[in-house]
Structures are given as structure tokens and as C-alpha cells.
Amino acid sequence: MEGILDALQSDGSKWARDQLKTLGKMSPTSLKVTCEQLQRGAGLSFRDCFKMEYRMTQACMAGNDFYEGVRAVLIDKDNDPKWKPSTLAEVSPDLVRQHFDPPPDGLELELLQYV
């Protein structure tokens with residue numbers, strides 16, 4: 001994610017500045033998780049992508065940022081979310097990885113198999 005931001009900053013165009021402004025409002029954790037999702041998903045089957053995305057939803061619901069985003073935009077409408085962690089540098093590789101681990105409750109997504 002940092003490489004994308006660096007490239008946008010180096011570009012300097014209006015479009016790049018607009019993208020930086022938009023990305024700067026988003027959850028740092030979500031930005032890094034989304035980048036990882038795109039990289040992993042490129043090599044997965046449709047079935048495995050569903051499983052990966054289910055795991056991501058479970059991790060997001062167990063964290064802070066989904067609820068904080070809802071609070072900031074829909075409840076208090078202050079548009080001032082307090083992300084945890086608050087910067088990309090603070091988002092550890094371990095935190096990103098946890099979004100792709102099996103749910104701790106053991107309830108894995110099971111898709112029906114059609115012949």
C-alpha cells in the first residue's frame with residue numbers, strides 16, 4: 001500500500017492528489033488488507049475467494065474499524081473516524097495476516113458442491 005501512495009505522490013497530477021485525499025480518509029488496516037486480498041485472490045478459485053472473503057468479514061467484525069466507520073458516518077455523522085491503528089506504519093503484517101486466518105470460533109464457510 002505504501003508503494004501505491006508513494007507512486008501517487010510522485011505523480012503529482014490532480015487525479016493522483018484526489019486519490020491520495022480519498023485514501024487518506026480510509027482505515028489504514030482496511031487499505032492493507034484490501035491490497036493483500038487482491039494479491040491473494042488473483043491466484044484463487046472462485047470457491048477459495050469466497051472462503052477468503054468470509055474470513056475477512058469475520059476478522060473485520062471482530063475489530064474496531066468497521067464499527068468506528070459506521071459511527072463516524074452513520075451514527076454521529078462527524079466524519080471523523082478514530083482508526084486503530086491510525087497509520088499505515090502501525091498496521092503490522094501480523095494484523096493483516098489475521099484477516100485471512102480461519103475464524104477463531106472454528107466456524108468456517110462451507111459451500112455446497114454441485115455436480
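A residue counts as exposed when its relative accessible area is over 50%, as buried when that area is under 20%, and as partly exposed in between. The exercises below apply this to a predicted model.

**Exercise 1. Classify Asp105 as buried or exposed, and place Asp105 in the chain.**

Solution.
Step 1. Asp105 has a relative accessible area of 51%.
Step 2. The cut-off for exposed is over 50%, so Asp105 is exposed.
Step 3. Asp105 is found in the segment after H6.
Step 4. Gln58 is 47 residues from Asp105 along the chain, and the C-alpha atoms of the two are separated by 10.0 Å.

**Exercise 2. State how many helices and strands the protein has, and describe its overall extent.**

Solution.
Step 1. The protein contains six helices and zero strands.
Step 2. Along the sequence, this gives the pattern α-α-α-α-α-α.
Step 3. Taken along the principal axes, the box filled by the C-alpha atoms is roughly 50 × 35 × 25 Å.
Step 4. Of the 115 residues in the protein, 29% are buried.
Step 5. The exposed area of the protein is about 8100 Å², and carbon and sulfur atoms supply 59% of it.
Step 6. Among contacts between residues at least 6 apart in sequence, 58% join residues at least 24 apart.

**Exercise 3. Determine how far apart the mean positions of the positive and negative charges are.**

Solution.
Step 1. The protein has 14 positive and 18 negative charges.
Step 2. The mean positions of these two groups are 4 Å apart.

**Exercise 4. Give the volume of the largest pocket and identify which helix gives the most to its lining.**

Solution.
Step 1. The volume of the largest pocket is about 390 Å³.
Step 2. There are 23 residues in the lining of this pocket, and the closest to its centre are Ala59, Cys60, Ala62, Gly63 and His99.
Step 3. At least two lining residues each come from helix H3 (28-41), helix H4 (46-62), helix H5 (65-75) and helix H6 (93-98).
Step 4. The helix that gives the most to the lining is H4, with six residues.

**Exercise 5. Describe the backbone at Lys77, Asn79 and Pro85 in the loop between H5 and H6.**

Solution.
Step 1. As background, most residues other than glycine have a negative phi, and most peptide bonds are trans.
Step 2. Lys77 is not a glycine, yet its phi is positive, at about 55 degrees.
Step 3. Lys77 lies in the loop between H5 and H6 and is exposed, with a relative accessible area of 58%.
Step 4. Asn79, also not a glycine, has a positive phi of about 50 degrees.
Step 5. The loop between H5 and H6 holds Asn79 as well, and Asn79 is exposed at a relative accessible area of 58%.
Step 6. The peptide bond from Lys84 to Pro85 is cis, with omega near -5 degrees.
Step 7. Pro85 is likewise placed in the loop between H5 and H6.

**Exercise 6. Decide whether Val91 is buried or exposed, and list its contacts beyond its neighbours within four places in sequence.**

Solution.
Step 1. The relative accessibility of Val91 is 3%.
Step 2. The cut-off for buried is under 20%, so Val91 counts as buried.
Step 3. Val91 has its place in the loop between H5 and H6.
Step 4. With neighbours within four places in sequence left aside, Val91 is in contact with Pro28, Thr29, Lys32, Pro85 and Val96.
Step 5. One of these contacts, Lys32, is 59 residues from Val91 in sequence and 7.7 Å from Val91 in space, C-alpha to C-alpha.
Step 6. Another of the contacts is Pro85, the residue that follows the cis peptide bond from Lys84.

**Exercise 7. Classify Leu112 as buried or exposed, and give its distance in space from Arg47.**

Solution.
Step 1. Leu112 lies in the segment after H6.
Step 2. Its relative accessibility is 63%, so Leu112 counts as exposed.
Step 3. Leu112 and Arg47 are 65 residues apart in sequence, and the distance between them in space is 9.9 Å, C-alpha to C-alpha.

Conventions
Residues are numbered from 1 along each chain as its sequence is written. This is a predicted model: local features need pLDDT of at least 70, side-chain atom pairs count only at pLDDT 80 or more; totals for chains, interfaces and linings use all residues. Side-chain values use heavy atoms; hydrogens and water are left out. Helices (H or I, at least four residues) and strands (E, at least two) are DSSP runs, numbered from the N terminus. Buried means under 20% relative accessible area, exposed over 50%, partly exposed in between (1.4 Å probe, protein chains only). Contact means heavy atoms within 4.5 Å. Accessible areas come from the Shrake-Rupley method with a 1.4 Å probe; for residues, only the protein chains shown count as cover. Lys and Arg count as positive and Asp and Glu as negative; His and the chain ends are not counted. The place of a charge is taken as NZ of Lys, CZ of Arg, CG of Asp or CD of Glu. On a 1 Å grid over the protein atoms alone, a cavity is a set of points where a 1.4 Å probe fits but cannot get out, and a pocket is an open set with protein on both sides within 12 Å along at least five of seven lines; lining residues have an atom within 4 Å of a point. Grid points are joined across faces, edges and corners, and a volume is the space filled by probe spheres set on the points.
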